[in-house]
Amino acid sequence: IGVSALLLYGQIRQAISIKTKAIAQPLISTEAVDIPIEKNDAAFGNPGAPLTLVEFVDLGSDKAQKTHSELYEFVSKNPRDARLIWKDAPNSNIFSYNATLAHKAAFCAGDQNKFWQFVDEILKSKANLREAGLNNISSRLKLDSTKLWECVNSTAAEAKINFSKNLMRSLGIKSSPALFVNNRKINLEEKIDLKQMLNTFIEK
């Protein structure tokens with residue numbers, strides 16, 4: 001038993017001493033992927049812009065919110081050169097805010113041409129992820145609340161969210177935010193100045 005214990009102890013020490021080396025990921029993926037843009041995807045900017053940004057957003061994630069704000073500001077300042085496409089990526093993890101209802105409500109606000117305004121309101125407070133907060137937003141934006149909630153509870157809203165989540169899985173995206181520039185994934189784990197990087201893409 002004593003010899004076996006010593007051998008086991010030696011194996012454990014050897015295993016601990018092995019250093020794993022993480023595989024470095026490029027800042028911009030060298031491989032382009034096909035990201036379908038649906039007719040009912042919220043889009044902002046010039047449809048014919050040379051730069052297309054596709055973002056996967058979880059409205060319950062602070063990091064995703066910050067990235068979205070930076071992207072929206074960039075496109076606002078460069079409306080001819082860039083467009084922004086929104087993809088829903090609500091996280092249903094029990095340890096995080098479940099933003100699925102808010103995503104459905106924002107999608108349905110789009111039917112009344114208020115998607116981006118609705119999203120801006122949601123981002124002001126985590127309380128806006130809940131039904132009461134979403135009702136308050138609907139009232140402030142003067143939406144038809146009955147139509148909004150009929151849509152939220154419809155199969156169309158459910159299908160919209162599920163399509164984006166399935167697309168995430170097919171692309172190997174495991175967390176939000178995720179960003180693709182002209183179908184190439186940006187490594188948001190790197191410490192980068194996102195605005196500065198995007199500006200280099202449109203410099204004449």
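Let's start with one lysine: K160 has a relative accessibility of 6%, so it counts as buried, the cut-off being under 20%. Keep in mind as we go that this is a predicted model. What does the side chain of K160 meet in a salt bridge? The partner is D41, with 2.2 Å between N and O. These two come from distant parts of the chain: D41 is in the loop between α1 and β1, while K160 belongs to helix α7, residues 155-170, and 119 residues separate them. D41 is tucked away as well, because its relative accessibility of 9% makes it count as buried. In general, side chains of opposite charge can pair when their charged atoms come close.

Now zoom out for a moment. The chain has 204 residues, and 41% of them count as buried. Its secondary structure comes to 8 helices and 5 strands. If you walk along the sequence, you meet them in the pattern α-β-β-α-β-α-α-α-α-α-β-β-α. It's worth tracing that order on the model before going on.

Back to the charges. How many salt bridges does the count come to? The total is 9, and D41–K160 is one of the pairs we can look at.

Next, find K195 and E73. They form a salt bridge in which the closest N and O atoms are 2.9 Å apart. Here the pair links two helices, with K195 in α8 and E73 in α2, 122 residues apart. Helix α2 covers residues 62-77. The backbones come together too: from C-alpha to C-alpha, E73 and K195 are 8.9 Å apart in space. Are these residues buried or exposed? Neither label fits, because partly exposed lies between 20% and 50%, and K195 has a relative accessibility of 31%, while E73 has 30%.

A third pair brings us to helix α4, residues 115-122. This helix is mostly covered, with 6 of its 8 residues buried. The buried ones are F115, W116, F118, V119, E121 and I122. An α-helix has 3.6 residues a turn, so residues three or four places apart point the same way. Look at E121 in that list: its relative accessible area is 13%, so it is buried. The side chain of E121 meets that of R140 in a salt bridge, 2.9 Å from N to O. That joins α4 to helix α5 (residues 131-140), where R140 sits, 19 residues from E121. R140 has a relative accessibility of 46%, so it counts as partly exposed. Salt bridges can share partners, too: D41, K87 and K160 are joined that way into one network.

Let's turn to the empty spaces. Rolling a probe the size of a water molecule over the atoms shows where empty space is left. The largest pocket has a volume of about 440 Å³. Which residues lie nearest its centre? They are K185, I186, N187, L188 and E189, out of 21 that line the pocket. Two elements, β4 (178-181) and β5 (184-186), each give two or more residues to this lining. Strand β4 provides the largest share, 3 residues. By class, the lining divides into 10 nonpolar, 6 polar and 5 charged residues.

The second largest pocket holds about 240 Å³ of space. It is lined by 13 residues, and A89, P90, N91, M168 and K174 are the closest to its centre. Its lining has 4 nonpolar, 5 polar and 4 charged residues.

K185, from the centre of the largest pocket, also leads us to T30. The C-alpha atoms of T30 and K185 are separated by 8.5 Å, though the two residues are 155 apart along the chain. T30 is in the loop between α1 (2-17) and β1 (43-45). With a relative accessible area of 66%, T30 is exposed, because the cut-off is over 50%.

Our last stop is on the surface. L27, I28 and F201 form a nonpolar patch there, with about 210 Å² of accessible area together. F201 lies in helix α8, residues 194-202, the helix that also holds K195. F201 has a relative accessible area of 34%, so it is partly exposed.

Notes:
Residues numbered from 1 in each chain as written. Predicted model: local features only at pLDDT ≥ 70, side-chain atom pairs only at ≥ 80, totals over all residues. Heavy atoms only, no water. Patch = residues over 30% accessible without salt bridge, like charges linked within 9 Å, V, L, I, M, F, W, Y side chains within 5 Å. Areas by Shrake-Rupley, 256 points an atom, 1.4 Å probe, with all protein chains shown as cover. Salt bridge = Lys/Arg side-chain N within 4 Å of Asp/Glu carboxyl O. Helix = DSSP H or I, 4+ residues; strand = E, 2+ residues; numbered from the N terminus. Buried < 20%, exposed > 50% of the residue type's maximum accessible area, 1.4 Å probe, protein only. 1 Å grid on protein atoms, 1.4 Å probe; cavity = no way out; pocket = protein on both sides within 12 Å on 5 of 7 lines; lining within 4 Å. Points joined across faces, edges and corners; volume = space filled by probe spheres on them. Nonpolar A, V, L, I, M, F, W, Y, C, P; charged D, E, K, R; others polar.
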